[in-house]
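This report looks at aromatic pairing and nonpolar cores in the structure shown below, which is a predicted model.

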Amino acid sequence: MIGNASPAPGLPARGGVGLKPEHFRDILASAPDIGFFEIHAENYMVDGGPFHHYLGRIRENHCLSIHGVGLSIGGESPLCEAHLDRLARLLDRYQPESFSEHLAWASHGGAFLNDLLPVPYDAATLARVCAHVDRVQDRLGRRMLLENPATYLEFAASTMAETEFIAEVVKRTGCGLLLDVNNVYVACVNHHRDPYAYIRALPPAAIGQIHLAGFARDTDAAGDPLLIDSHGAPVAQAVWDLYAYAMERLGPTPTLIERDNDIPAFPVLLAEAQRAEAIMNEVDAVRPQEALA
Amino acid sequence: MSPHEAFADSLLAVQPACPPGLITWNGSDPARRFAVYRNNVMVSLIDALADTCPVTQTLVGEEFFRAVAAEYARANPPRSPVMAHYGADFAGFIEEFAPAAGLPYLADVARLEMLRAEAYHAADAEPVSPEAIALLAADPGRLPAARFTLHPSLRIMESRHAVVSLWAAHQGDDVYSALAAVDTALPESALLLRAGLDVEIYRITAATATFIRHLQAGRGLGTAVDLALAADAAFDMTEALGLLIRAGAIGGITHPEGEQT
C-alpha cells in the first residue's frame, strides 16, 4: 500500500484539455493560459518523430497528465511487464504531475482489443484489480489514479455496487481516483441509477482529477436510453450540472475536457476548460466548509 | 472458457454474438448493448488502419476498404496496446484478399503507407555536418571503404507497380487527373525518410534501392556500388549519394582501418 506518494506539486486545480496532434502547432503558437494538458500514454510509446517533438516543447511550458488506456488493469492475466516498462520510460522522460489508468480490461490471450471493457464487481475481480494496481504503483514508484468506467452492461456475477468496489480498491491499494463525471452520468443512465448518489458514495479525499466529455444517444432493445461515451461532442448540460455538484462536495479539482472524435479547433476546447474553471471557482466561493465533511 | 475469453471471442465474431452472464436493469436483450462494445472495437481497429492507409482507402473506396480492414482486424487483432504499429502485415493480407485481385498494386500501396507510418514515428537523428561530407569527397582514395550510418527512419521499398506515382497522385487537389497519368504497371522503388518532422517519399531506381539497402546493411560504399552496378550497369553513384546527402539520410560516416572492399 502506498500512502501519501502523490508526487508534489501535482496538477493545478484548473481546467485542462486532452492534447491532440491537430492542435500541436496552434498550442505552441498561442501559448494558452491553461491548467494542464493530458496525453494518452500509448500514443507516445514511439521512438521519435513529431509526437515527441511537440510534446517535449509543450511540456516545457505546461503541466502534464499521462493517462494510460492499454494496461488492462481489469484483465484476467498478469499485467504486461513490457508495457509497464514502456510506461516507466515515458513517465521518466516527461515527469508528469499525474498518472491515471482505467478500471477496465482490453487485453486477453495476447490480443489487444483497443476498448475499455467492463468487469464484474465480485471478490475475485476485486483481488485481481488490487494486485494489479499494487503492481503498477510499485513498478512506477508513484500513486496512480483509477478512473471509473462508462459501461453498457452489467454482470450477473457482480456482488457489489461499482462504487463499493472502487472504494474498496482505494482502501486496499492507496490509489487515488480519477472521477469521470461523464462516465458517471452515462453509466447511471444506462443502468437506471442516481448519478448524484454515485458521486456521494465515492471517498472524496481520494479524488485527484476530473474528466468531462460528451456522449452520444442511442436506445437499448427495450427502447430505453443507452448513452455512448463517444468523446465526440461538447459536454452535455446534465454533465455540467453533475460536475457543479461534484465541485460542491470536492472543492476545486483539476478538470480535463476530453475530446477524441470530431475534434474542433483548440479554442473551442479551451473555452470548455475555462467553463469548468469558472464553475469550480464559483462553487468554491459559496461552498460551506462542512461540505467537505 | 474464461469470462474474458468468451467476451473477447464474441467481440471479434463475424456473426453478432453475446457472451453469457450479462444482465440489464430493464430485462432487455443484452445483445443490443453488447453490440456497443463490438462496434467500438471494430470501428477503432478499422479507423486505425484507415488513418495509416488513406491512399489505399481512396483507391478502393471507403466501403470496400472498411470491409477488408474488418476481415483483417477479426483475424489479426493488435498484439500490443501501442497502436502506432498496428497493421504491420495488413499489406500481406490485402495481397491474399481475393476481391482485391483486380488491383494488383493495392497491397504495395498499403505497404508503402505502412512504411511511411514507421518512418513517421522512428527515432530522431541529426544528419552529418556538411564538413564531414566535404572531408569524404576530398579524399577519394578512402571512399570505397567508407561506411554510413543511415537515418533510423530510412525505409526502402521495391515494387512491380508504380507505387510512388500512385501515392503522389493523391497528394494534390486533382487526384483524378493525376491518377489518369499513372502507368500502374511500371515498376518503381521508393526511399522514405523523415529528416525533420515530415516523411518524404522519393522515387528511386531499382539500382539505387539496391545500393541503399547494402549501405543500410553496413556494407562499405565500394561494395554497395559494385552490387548496384551488377544490378544495373547504368547505376549512377554520384546521383544516388547526392540524394542521400540532400535528403539528410546520412547520420554518420566511418572509415574502418584496413578495410578490404
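Searching the whole of this predicted structure over all chains yields 21 aromatic pairs. In one of them, Tyr121(A) and Phe165(A) form a tilted pair, with 4.9 Å from centre to centre and 55° between the planes. This pair links distant parts of the chain, since its residues are 44 residues apart: Tyr121(A) sits in the loop between β6 (111-117) and α4 (123-140) of chain A, and Phe165(A) in helix α5 (residues 162-173) of chain A. Both partners count as buried because their relative accessible areas, listed here, are under 20%.

| Residue | Relative accessible area |
|---|---|
| Tyr121(A) | 8% |
| Phe165(A) | 0% |

In chain B, one aromatic cluster is formed by Phe64(B), Phe65(B), Tyr72(B), Tyr86(B), Phe90(B), Phe93(B) and Phe97(B). Phe90(B) also appears in the largest nonpolar core, a set of 143 residues in which Leu179(A), Leu212(A), Tyr243(A) and Phe90(B) touch the most other members. Helix α2 (residues 30-52) of chain B contributes the largest share of this core, 10 residues. Domain 1 (1-103) and domain 2 (123-261) of chain B both give residues to this core, which therefore lies between them.

When residues up to four places away in sequence are not counted, Phe90(B) touches Leu49(B), Cys53(B), Phe65(B), Val68(B), Ala69(B), Tyr72(B) and Met114(B). A second core, separate from the largest one, has 30 residues, among them Ala146(B), Ala247(B), Ala249(B) and Ile250(B).

Terms used
Residues numbered from 1 in each chain as written. Chains lettered and ligands numbered in written order. Predicted model: local features only at pLDDT ≥ 70, side-chain atom pairs only at ≥ 80, totals over all residues. Heavy atoms only, no water. Phe/Tyr/Trp six-rings, centres within 6.5 Å; stacked < 30°, edge-to-face > 60°. Helix = DSSP H or I, 4+ residues; strand = E, 2+ residues; numbered from the N terminus. Buried < 20%, exposed > 50% of the residue type's maximum accessible area, 1.4 Å probe, protein only. Core = buried A, V, L, I, M, F, W, Y, C linked by side-chain atoms within 4.5 Å. Domains from an automatic or database assignment. Contact = heavy atoms within 4.5 Å.
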